[in-house]
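Hi everyone, thanks for coming. I'd like to walk you through one structure today, so have a look at it while I talk.

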Amino acid sequence: PVTYKSETLRSIRQSLERSVEAEESAQEALLFDQVRVAGMIATAEVSGGKPDHAWCAGYFPADQPRYAFAIAIEHGGDGARVAGPIARRLIEQFMAVGQGQD
């Protein structure tokens, strides 16, 4: 089994929380009034003239994680325009049925 030092895990979690607070594209997709989300949105470049891969991953609630998500759209293009909105809809659906809130 993999074990992590608590300070390493704390640093990773803080980075994911800050990403949502600081990055405009992450704010649009992952910033909610009702629940704090920790995560990242990115675009993975692809060679050979094919479209890039879009992805978004994270968890919520940020302070007491209960749900994790990972969206990867192969050759989907920009992560903020493709994967981010999918993540937002997923979280909204969880909150609509009362699953994403403490």
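Let's start with the rings. There are 4 aromatic pairs in this structure, and please keep in mind that the model is a predicted one. Take the pair made by Phe60 and Phe94: the two rings sit edge-to-face, 5.8 Å from centre to centre, with 85° between their planes. Phe60 belongs to strand β2 and Phe94 to helix α3, so this pair ties together parts of the chain that are 34 residues apart in sequence.

Now, are those two rings buried or exposed? Phe60 counts as buried, because its relative accessibility is 1% and the cut-off for buried is under 20%. Phe94, at 27%, counts as partly exposed. And the rings don't stop there: ring pairs link Phe60 and Phe94 with Tyr67 and Phe69 into a cluster.

Okay, on to the inside. As a bit of background, nonpolar side chains in soluble globular proteins tend to be buried together. Here, the largest nonpolar core has 18 residues. Which residues have the most contacts inside it? They are Leu30, Val35, Val37, Cys56, Phe60, Phe69 and Ile91. You'll spot Phe60 and Phe69 there again, both from the ring cluster.

If you ask which elements give two or more residues to this core, they are α2, which covers 24–30, then β2, β3, and α3, which covers 83–96. Out of these, α3 gives the most, with 4 residues.

Let me zoom in on Cys56 for a second. Leaving out residues up to four places away in sequence, Cys56 touches Leu30, Met40, Ile41, Phe69, Ala70, Ile71, Ala83, Gly84 and Ala87. So that's Cys56 in the core.

Now let's go out to the surface. Val2, Tyr4 and Leu9 form a nonpolar patch there, and together they have about 350 Å² of accessible area. Leu9 lies in helix α1, residues 6–22. With a relative accessible area of 42%, Leu9 is partly exposed.

Last stop: Gln64. Where does Gln64 sit? You'll find Gln64 in the loop between β2, residues 53–60, and β3, residues 67–73. Gln64 counts as exposed, because its relative accessibility is 53% and exposed means over 50%. One more thing to look for on your screens: Gln64 and Arg36 are 28 residues apart along the chain, and their C-alpha atoms are separated by 9.6 Å.

That's my tour, thanks for listening!

Note on methods
Residues are numbered from 1 along each chain as its sequence is written. This is a predicted model: local features need pLDDT of at least 70, side-chain atom pairs count only at pLDDT 80 or more; totals for chains, interfaces and linings use all residues. Side-chain values use heavy atoms; hydrogens and water are left out. Buried means under 20% relative accessible area, exposed over 50%, partly exposed in between (1.4 Å probe, protein chains only). A nonpolar core is a set of buried Ala, Val, Leu, Ile, Met, Phe, Trp, Tyr and Cys residues joined through side-chain atoms within 4.5 Å. Contact means heavy atoms within 4.5 Å. Patches are made of residues with over 30% relative accessible area and no salt bridge: like charges are joined within 9 Å, nonpolar side chains (Val, Leu, Ile, Met, Phe, Trp, Tyr) within 5 Å. Accessible areas come from the Shrake-Rupley method with a 1.4 Å probe; for residues, only the protein chains shown count as cover. A salt bridge is a side-chain nitrogen of Lys or Arg within 4 Å of a carboxyl oxygen of Asp or Glu. Rings of Phe, Tyr and Trp (its six-membered ring) pair if their centres lie within 6.5 Å; planes under 30 degrees apart count as stacked, over 60 as edge-to-face and the rest as tilted.
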